[in-house]
Number of protein chains: 2
Amino acid sequence: MRVSTRFSDSVHILAFIEIYKSLKLSSELIASSIETSPVVVRRLMSTLRENDLIDTKKGSAEPKLSRSPREITLLDVYLAVEGDKQLFTLDTNTNPECIVGGNIQKVLGNYYEDAKMAALRKFNNVTLQDIIESIQVEQKAKEHHLI
Amino acid sequence: MRVSTRFSDSVHILAFIEIYKSLKLSSELIASSIETSPVVVRRLMSTLRENDLIDTKKGSAEPKLSRSPREITLLDVYLAVEGDKQLFTLDTNTNPECIVGGNIQKVLGNYYEDAKMAALRKFNNVTLQDIIESIQVEQKAKEHHLI
DNA sequence: TTTCATGTAACTTTTTAAGTGACAGGTATA
DNA sequence: TATACCTGTCACTTAAAAAGTTACATGAAA
């Protein structure tokens with residue numbers, strides 16, 4: 001299938017909302033930064049709203065973060081848009097009559113879960129504030145090189 | 001897209017080869033355990049062979065592990081079949097003229113890399129031997145419950 | 001009251017991997 | 001040594017998930 005960029009794009013939306021909170025934040029403007037369509041942005045924002053990460057008002061282009069960027073982690077965003085989707089994919093159709101086919105799902109699934117948890121713990125230690133500050137540092141570094 | 005089960009299926013193949021090494025290991029037999037087609041198995045086995053995890057002989061149904069199952073880790077298998085594919089997907093098409101769009105790929109990419117490394121370190125600590133023993137334990141537990 | 005936005009539904013396109021059919025060439029054994 | 005079987009690989013089809021698109025009812029605001 002096509003690869004999902006929902007996680008990346010959602011972080012993008014949240015950072016954009018915070019950094020440009022003084023502007024009129026229409027889905028069209030946000031979409032122009034992500035280079036996607038306004039509908040895709042609105043769909044992602046619906047998910048973010050359902051997960052209490054942003055507040056929006058129908059008909060009005062003024063989305064706001066539901067809480068401080070210091071209190072939103074990458075894990076919050078990941079769970080909002082990817083839910084409990086498995087990160088490493090098990091083949092769930094193996095032959096139960098075979099010793100390997102009949103047991104590998106449970107066995108591998110446990111190791112997959114360990115690995116996924118290790119990754120998600122990393123995300124739990126990164127806040128939206130970290131992302132925003134890193135973006136700003138990168139931007140300044142970029143501008144510095146131009147001089 | 002369709003979700004990739006190559007990693008799972010490759011571990012399955014390796015465990016199967018080791019557990020049933022006394023049998024004639026045709027791609028058809030292995031495929032019956034994975035419940036897929038022999039061509040899919042042969043394709044995966046080609047990749048495993050290219051990455052020095054198994055030895056095969058054209059025309060002859062006797063694949064062998066290239067080294068002891070204690071010396072093959074889940075990471076070896078993952079890297080063989082997934083290569084350096086990103087685990088969390090960046091949106092690589094964002095607006096470079098925007099502060100967010102122009103810097104988020106690098107910033108998020110770094111955090112994604114940290115999370116991926118944390119997961120892959122877990123896989124580096126699990127051997128094919130661990131998988132095989134876990135499968136056998138699960139099987140015995142299953143049989144025990146039947147009595 | 002007109003203009004602009006959101007929220008959402010329905011549909012199409014894109015992408016990636018699995019599945020399928022075919023076949024040249026190697027293996028092995030009756 | 002003929003025959004049956006198997007691998008390795010190619011080309012093509014199908015399946016599934018998400019992005020992209022079109023459309024529109026409804027709300028906001030000047």
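Select A:D55 in strand β1 of chain A and look across to strand β2: the bridge partner of A:D55 there is A:K64. Keep in mind during the tour that this is a predicted model.

**The hairpin in chain A**

Now add A:I54 to the selection. Its bridge partner in β2(A) is A:L65. Widen the selection to residues 54-57, which are strand β1 of chain A, and residues 60-65, which are strand β2. These two strands pair in the antiparallel sense, with 3 bridges between them. Next, select what joins them. How many residues lie between β1(A) and β2(A)? There are 2, and the two strands form a hairpin. In the turn, click on A:G59, which has a positive phi of about 90°.

**The hairpin in chain B**

Move to chain B and select residues 54-57 and 60-65. Here strands β1 and β2 of chain B pair in the antiparallel sense over 3 bridges. Pick B:D55, and you will find B:K64 as its bridge partner in β2(B). The hairpin of chain B has 2 residues between its strands, and B:G59 in the turn has a positive phi of about 90°.

**A link inside chain A**

Go back to chain A and show the side chains of A:R6 and A:E82. They form a salt bridge, in which the closest N and O atoms are 3.7 Å apart. Which helices does the pair connect? A:R6 is in helix α1 (residues 6-19) and A:E82 is in helix α4 (residues 74-82), so look for two distant parts of the chain, 76 residues apart.**Where the chains meet**

Show both chains together. In the contact between them, 56 residues of chain B touch 56 residues of chain A. About 5000 Å² is buried between chain B and chain A, and carbon and sulfur atoms give 66% of that area.

Next, select B:E138 and A:K106. Their side chains meet in a salt bridge, 3.2 Å from N to O. Between chain B and chain A the count is 2 salt bridges, while the structure holds 12 over all chains. Across the same interface, 20 residue pairs are in polar contact.

Now hide chain A and color the side of chain B that touches it. The elements giving two or more residues to this side are α1 (6-19), α2 (27-34), α4 (74-82), α5 (99-124) and α6 (128-146) of chain B. Which of these gives the most? Select α5(B), which supplies 18 residues. By type, the residues on this side of chain B are 30 nonpolar, 15 polar and 11 charged.

**How the two copies are related**

Finally, bring chain A back and view the two chains as a pair. A turn of 180°, with a shift of 0.0 Å along the axis, lays chain B on chain A with an RMSD of 0.0 Å. This is the relation of a two-fold axis. Of the interface residues of chain B, 100% are also interface residues in chain A, so the copies meet through the same surface.

Notes: Residues are numbered from 1 along each chain as its sequence is written. Chains are lettered from A and ligands numbered from 1 in the order in which they are written. This is a predicted model: local features need pLDDT of at least 70, side-chain atom pairs count only at pLDDT 80 or more; totals for chains, interfaces and linings use all residues. Side-chain values use heavy atoms; hydrogens and water are left out. Two strands pair if DSSP finds at least two bridges between them. Helices (H or I, at least four residues) and strands (E, at least two) are DSSP runs, numbered from the N terminus. Contact means heavy atoms within 4.5 Å. Buried area is the accessible area (1.4 Å probe) that two parts lose on being put together, summed over both. A salt bridge is a side-chain nitrogen of Lys or Arg within 4 Å of a carboxyl oxygen of Asp or Glu. A polar contact is a pair of N or O atoms within 3.5 Å; within protein, one must be able to donate a hydrogen and the other to accept it, and residues adjacent in sequence count only if both atoms are side-chain atoms. Ala, Val, Leu, Ile, Met, Phe, Trp, Tyr, Cys and Pro count as nonpolar, Asp, Glu, Lys and Arg as charged, and the others, Gly among them, as polar. Copies are superposed by least squares on the C-alpha atoms of residues with pLDDT of at least 70 in both.
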